[in-house]
Amino acid sequence: MPHAVMLFAAGFGTRMGALTADRPKPLIEVAGKPLLDHALELTAGLPTRVVNAHYRAEQVAAHLDRSGVVVSVEQPQILDTGGGLRHALPLLGPEPVYTLNTDAVWAGPNPLHLLAEAWDPARMDALLLCVPLTNAVGRKGAGDFTLEGDGQLRWKGDQVYTGAQILKTELLAEIPDDAFSLRLLWQRMGDQGRLYGTSYPGHWADVGHPEGILLAEEMLARHV
């Protein structure tokens with residue numbers, strides 16, 4: 001079970017339109033609480049918690065002041081998920097880590113606990129938590145993966161990647177670019193038969209666009 005988590009909070013939030021004109025997307029409130037705080041609640045108890053920041057990074061840092069959460073500021077350029085994770089490795093350590101997107105809300109069991117139960121480092125280089133399209137509230141478009149019977153992931157299908165995973169980080173050193181997506185690692189791991197997934201039994205809401213706020217609040221109200 002990993003002891004460190006990387007929470008992605010550096011994006012510009014362009015799909016949010018005017019809502020992110022004066023604040024970063026992770027500080028937008030859903031059900032009276034910033035998205036970042038929803039994510040941080042899921043990581044309670046982990047000894048190492050790192051949040052990356054770029055757009056309005058000073059607001060993210062101020063929000064986390066005296067929380068014990070470390071901020072990894074990306075300047076002058078934003079580094080995407082892969083580059084951002086690699087930039088934060090001195091803070092996270094060399095062991096496998098959780099990563100968690102901060103623009104989603106969950107209704108059901110703690111996603112990190114489910115990942116820990118299913119994690120098998122002997123077979124897996126990455127374990128992605130997915131949710132069926134039918135339980136992906138506010139999702140626009142198709143799914144991302146097919147979940148095979150043995151747990152391996154194949155590209156395209158009715159499973160949506162939720163933004164939560166356990167990942168080995170050694171392959172990050174092989175990517176020459178400064179800014180890159182973690183999809184590059186997934187592609188390499190998939191080619192080697194070491195990209196796995198597990199399905200989330202609850203509901204998950206995409207809050208990457210304005211309509212997702214109300215949809216997420218309605219989902220949470222139903223779950224109470």
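## A three-stranded open sheet

Three strands form an open sheet in the order E7-E14-E9, with mixed pairing. Strands here (E, at least two residues) and helices (H or I, at least four) are DSSP runs numbered from the N terminus, and two strands pair if DSSP finds at least two bridges between them. E7 and strand E9 (136-137) stand at the edges with a single partner strand each, so one side of each is left without a neighbour in the sheet. E9 and strand E14 (residues 203-206) run parallel and are joined by two bridges. If you would like a place to look, alanine 136 has tryptophan 204 in E14 as its bridge partner.

A word on the ground rules: this is a predicted model, in which local features need pLDDT of at least 70 and side-chain atom pairs count only at pLDDT 80 or more, while totals for chains, interfaces and linings use all residues. Residues are numbered from 1 along each chain as its sequence is written, and side-chain values use heavy atoms, with hydrogens and water left out.

## Strand E1 and its partners

Now to E1, where five of the five residues are buried; buried means under 20% relative accessible area, exposed means over 50%, and partly exposed lies in between (1.4 Å probe, protein chains only). In a regular strand the side chains alternate between the two faces of the sheet. Both faces of E1 are covered, with Ala4, Met6 and Phe8 buried on one side and Val5 and Leu7 buried on the other.

E1 runs parallel to strand E4 (residues 48-53), and four bridges join the two. E1 also pairs with E6 in the parallel sense, again over four bridges. Leucine 7 is a handy residue to follow: its bridge partner in E4 is valine 51, and its bridge partner in E6 is leucine 100.

## Salt bridges

The model has 12 salt bridges, counting a side-chain nitrogen of Lys or Arg within 4 Å of a carboxyl oxygen of Asp or Glu. In one of them, lysine 25 meets aspartate 103 with an N to O distance of 3.0 Å. Lysine 25 lies in the loop between strand E1 (4-8) and strand E2 (29-30), and aspartate 103 in the loop between strand E6 (97-101) and strand E7 (104-107), so the pair ties together parts that are 78 residues apart in sequence. Both lysine 25 and aspartate 103 are buried.

Other pairs have partly exposed partners. Glutamate 41 and lysine 33 meet at 2.8 Å, N to O; glutamate 41 is partly exposed at 49% relative accessible area, and lysine 33 is partly exposed at 23%. Arginine 123 forms a salt bridge with aspartate 120, with the closest N and O atoms 2.8 Å apart. Arginine 123 is partly exposed at 36%, as is aspartate 120 at 25%. Elsewhere, Asp125, Lys168 and Arg194 are joined into one network by salt bridges that share partners.

## Backbone details worth a look

Most residues other than glycine have a negative phi, and most peptide bonds are trans. The bond from glutamine 75 to proline 76 is cis, with omega near 5°. Proline 76 sits in the loop between strand E5 (70-73) and helix H3 (80-92).

Arginine 56 has a positive phi of about 50° although it is not a glycine. Arginine 56 belongs to the loop between E4 and helix H2 (57-63) and is partly exposed, at 29% relative accessibility. Aspartate 80, also not a glycine, has a positive phi near 65°. Aspartate 80 is placed in helix H3 and is partly exposed, with a relative accessible area of 41%.

## The whole chain

Stepping back, the protein has six helices and 14 strands. Its radius of gyration is 16 Å, close to the 17 Å that the globule rule gives for 224 residues, so the protein is as compact as a globular protein of that length. That radius is taken over C-alpha atoms, and the rule is 2.2 Å times the number of residues to the power 0.38. The C-alpha trace spans about 45 × 40 × 30 Å along its principal axes.

Of the 224 residues, 51% count as buried. Among contacts (heavy atoms within 4.5 Å) with a separation of 6 or more, 71% come from residues 24 or more positions apart.
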